[in-house]
Every structure is written in structure tokens, then in C-alpha cells.
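Q: Please take me closely through one part of this model, the place where helices pack against one another. I should like to know which residues meet there, and what lies beside them.

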Amino acid sequence: MKNPEIMDIYSDYLIASFSLVTATGLSKMLDNGYSHDKISRFLAQREFTQKDYWQMVKKIIRKIENSQCGILAIDDTIEEKPHSTENDIICWHWDHAKNRNTKGINIVNFLYTTSLADQEEFSIPVSFELVRKTEQYVDTKTKGQPIKRRSPISKNEIVRNRLRVLTKLNRLKYKYITWDSWFSSKDNFKFVHYELKQFFVGALKNNRTAALSEDLKHQGKFLKIKEFELQPNQTIKVWLKGLDFPVLLAKQVFTNKDGSTGELYIVTNDLELDYDNITSIYQKRWRVETFHKSLKSNAGLEKSPTKFEVTQSNHIFASMIAFCKLELLKFKENQNHFTLKSKLYLKAIKAAFSELQRLKKFNPQIEAQQQTHSLLEPAM
């Protein structure tokens, strides 16, 4: 990475800014200490890689990682770009959270969370992957938009490839991998269990099938997990269809905001866990939802008007760095990301108000106009 000091300045700018972030805006803020062209060239240089990212966050991770309580949460989010020109990363993606197609950049995130002494949990994105739909094809079933894009590699394959690097190459220390039902494929379960030799805690859809014993599994007698007589606060050992090792299954019953009742099925290959531990570990997965929200609201993820794939990708890289800085500030100031951002906003408003009063008071043109008006007024 050329001129790494600009990454430090630009990521600070993402935190401090409350509107669109541009090379021109940063240059003006720095009183042209860095020219618009220099900042633009920095963002347009070769695309920053995950190796670059790991080198930037490695020192932080080595200080906080813990093989006994570290949790690696995996989820994806979409940075919506409805008006941007389509390319390999800005295209249409299925948003399983909103249950519809969305135009934007699909980012698969790997968020590491651990507890630090008596403080609040510390969360750092240890990696992220952009879904690149580099292949175009004709969909004869679609009338309105027959030419579509697809990625040569699925998101589940992206997850497995990145987990392999984090675990075997980067030697990240963690105890559990957790994800929602979208990533709970049998291939992912087998990969974590056999190749990584790690524990997973993942959600399942209620139509997944399982057997209540190994004998029933061999006989092919599977039931949908929603048909099991499983009570809340209880776990049972089951054999999921497609897996040759047992897992613990737990059912969590919760109340929605509208007062309705919902059910969540969770499985783990750690057969030593009880119900409370299973649900507590899975609850930490929700840290990734908070991460997505802060990334978009506080770290400038969605505030870049960049037009090209390289600059768009490098802007996302800088947003991740900005989030890491906010997480460090959270512990230094004992305030969450949104409080910190509000604090900056209040300071900015006060500075703007003070400058406005100065302009009103000392603007010679206004004073001259006021004197002219007083001369033209008729004497009483």
C-alpha cells in the first residue's frame, strides 16, 4: 500500500464526516495539506487485499484473541447502491434479511468477539469478502431483465475459504464459529467439524430433518425438527440428515415486538454444552448486526460517491479500519459508537454556530449595508 498515512487520515475522515465523503472534501478539511489528486490516486491505486487488512489489524487481534472465549460470527450485509452503475461488485443480490433482491455491494463479514476483563465485549472485523459476480448469463425465465450476473463461487465457498485462511494461516484463536440458518449447510458443518476441528453454533430452519438415534439415521427415519417434542430449556442429541456425527439441538422460544411468539432452533457439535451456554453463545452472533449498523451509520460505509470498482472496494477497506478505531475509542472513552458520533456532531455544530456568529458580527459588507440603511432612514 502506497502512502499508508493517507489511510489513517481517510479513515479518520470517515468517522468525523456527517455527509458524503470525497477527496475534495478531505483536501479542503486539511487546508490542502493533501491535494485532491493525491487522495484520489491513493484510493485508485491497486486494490487493497485481505493480506493488507490482516497486517493492519493483526496487532489488535493478537492482544485480544482468546482460545477459550473467542467467538467468530459470520454474516453478510448489502451496502445499497440503487443509482450506481453496475459492475462486478455493484449488482443485484438476494437480501435474505429483507426477502427481496437489492442492488448494491454484498459483503461477507467475519467478526471476532471476545470479553476483556470486566469491560464490555470487544468486537473486531478480522476479515471481509466482497461477492463478485463476474459472470453474465441469459435467464430465459425472466422477461424484464434477461441478462443476469452470477459469481463463480458461492457465499458458502467464500466462507470456507476465508475460515481456512484465518484458522490455518493466520492462526486466529477462537472457541466457536456462529452463523444464522442461511450458512447452516451440511458442507459448512462438516468443514468446521472435520477440517478445522472447531466447534460451531448455528441456527436451523424448522424444516431441516434429523433422526433421534444413530440406528434411526441408518434406517432413514428422519423427522422435521419442528415435529420433535422438544421443550424450551432442553437439549437433545440428534443426527442431522447429511451428517455422520451427532449434534445437540436446542429450541429457544422468544416474544416478538408485536407480542407474537417465535421459535429458534440452534445446533452445536460441542456435546458438552447445556441449553444456557448454547443460547448464550448464539446470542453473541447478534454483535454482527450491531457491527453492520455502526459500519453504515458511523464509519462512512454508505457515504462514498466513488464510481469505480477499485475505489469502491478500497473505500470499504477504509470503513472497516474506521470501525476498528471506533471500537478502540469505545473502551478509551467508555462510550458506544453512536454516542461517540453524537459527541463529534455536537462539537461540529458548536463550531459552526460560533463561526456564524463571528461572520455576522465582523462582516464589513453587512456593516456597511446597515450604515447605508440608517442614513437613508428619514429623521424623526
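A: In what follows, two residues are said to meet, or to be in contact, when they have heavy atoms within 4.5 Å of each other. The structure is a predicted model, and the account below begins with helix α9 and follows its neighbours.

Helix α9 covers residues 287-297, and helix α10 covers residues 309-333. The axes of these two helices come within 10 Å and cross at roughly 110°. Because angles of 65 to 115 degrees count as roughly perpendicular, α9 is described as roughly perpendicular to α10. The crossing in which α9 passes α10 is right-handed.

On the α9 side, the residues that take part are Arg287, Phe291, Ser294 and Leu295. On the α10 side, they are Ser319, Met320, Phe323, Leu326, Glu327 and Lys330. By class, this contact between α9 and α10 has five nonpolar, two polar and three charged residues. Phe291 and Leu295 are among the nonpolar ones, whereas Arg287, Glu327 and Lys330 are charged.

Helix α10 also packs with helix α4, which covers residues 50-64. Here the axes are 11 Å apart and the angle is about 5°. Angles under 35 degrees count as roughly parallel, and α4 and α10 are therefore roughly parallel to each other. From α4, the residues in this contact are Asp52, Tyr53, Met56, Val57 and Ile60. Their partners in α10 are Phe317, Met320, Ile321, Cys324 and Leu328. The contact of α4 with α10 has nine nonpolar residues, no polar residue and one charged residue; the charged residue is Asp52. Met320 of α10 takes part in the contact with α9 and also in the contact with α4.

Helix α9 has a further role in the description, in the lining of a pocket. The second largest pocket has a volume of about 330 Å³. It is lined by 17 residues, and those closest to its centre are Asp76, Thr77, Asp95, Ala97 and Glu289. Glu289 falls within the span of α9. Helix α9, strand β1 (71-80) and strand β2 each supply at least two lining residues, and the largest share, five residues, comes from β1. Asp76 and Thr77 fall within the span of β1. Of the residues in this lining, four are nonpolar, four are polar and nine are charged.

Strand β2 leads on to the largest pocket, whose volume is about 420 Å³. At least two lining residues of the largest pocket come from each of β2 (90-95), β3 (100-114), β5 (135-138) and β6 (147-150). The lining of this pocket has 21 residues, and Trp92, His93, Trp94, Lys133 and Arg149 lie nearest the centre. Of these, Trp92, His93 and Trp94 fall within the span of β2, and Arg149 falls within that of β6. Eight residues of the lining are nonpolar, seven are polar and six are charged.

To trace the path again, α4 and α10 are roughly parallel, α9 is roughly perpendicular to α10, and α9 contributes to the lining of the second largest pocket together with β1 and β2.

Definitions and conventions: Residues numbered from 1 in each chain as written. Predicted model: local features only at pLDDT ≥ 70, side-chain atom pairs only at ≥ 80, totals over all residues. Heavy atoms only, no water. Axes fitted to C-alpha atoms, helices over the stretch in contact; angles between N-to-C directions. Helix = DSSP H or I, 4+ residues; strand = E, 2+ residues; numbered from the N terminus. Parallel < 35°, antiparallel > 145°, perpendicular 65-115°, else oblique. Left-handed = near helix turned anticlockwise from the far one by under 90°. 1 Å grid on protein atoms, 1.4 Å probe; cavity = no way out; pocket = protein on both sides within 12 Å on 5 of 7 lines; lining within 4 Å. Points joined across faces, edges and corners; volume = space filled by probe spheres on them.
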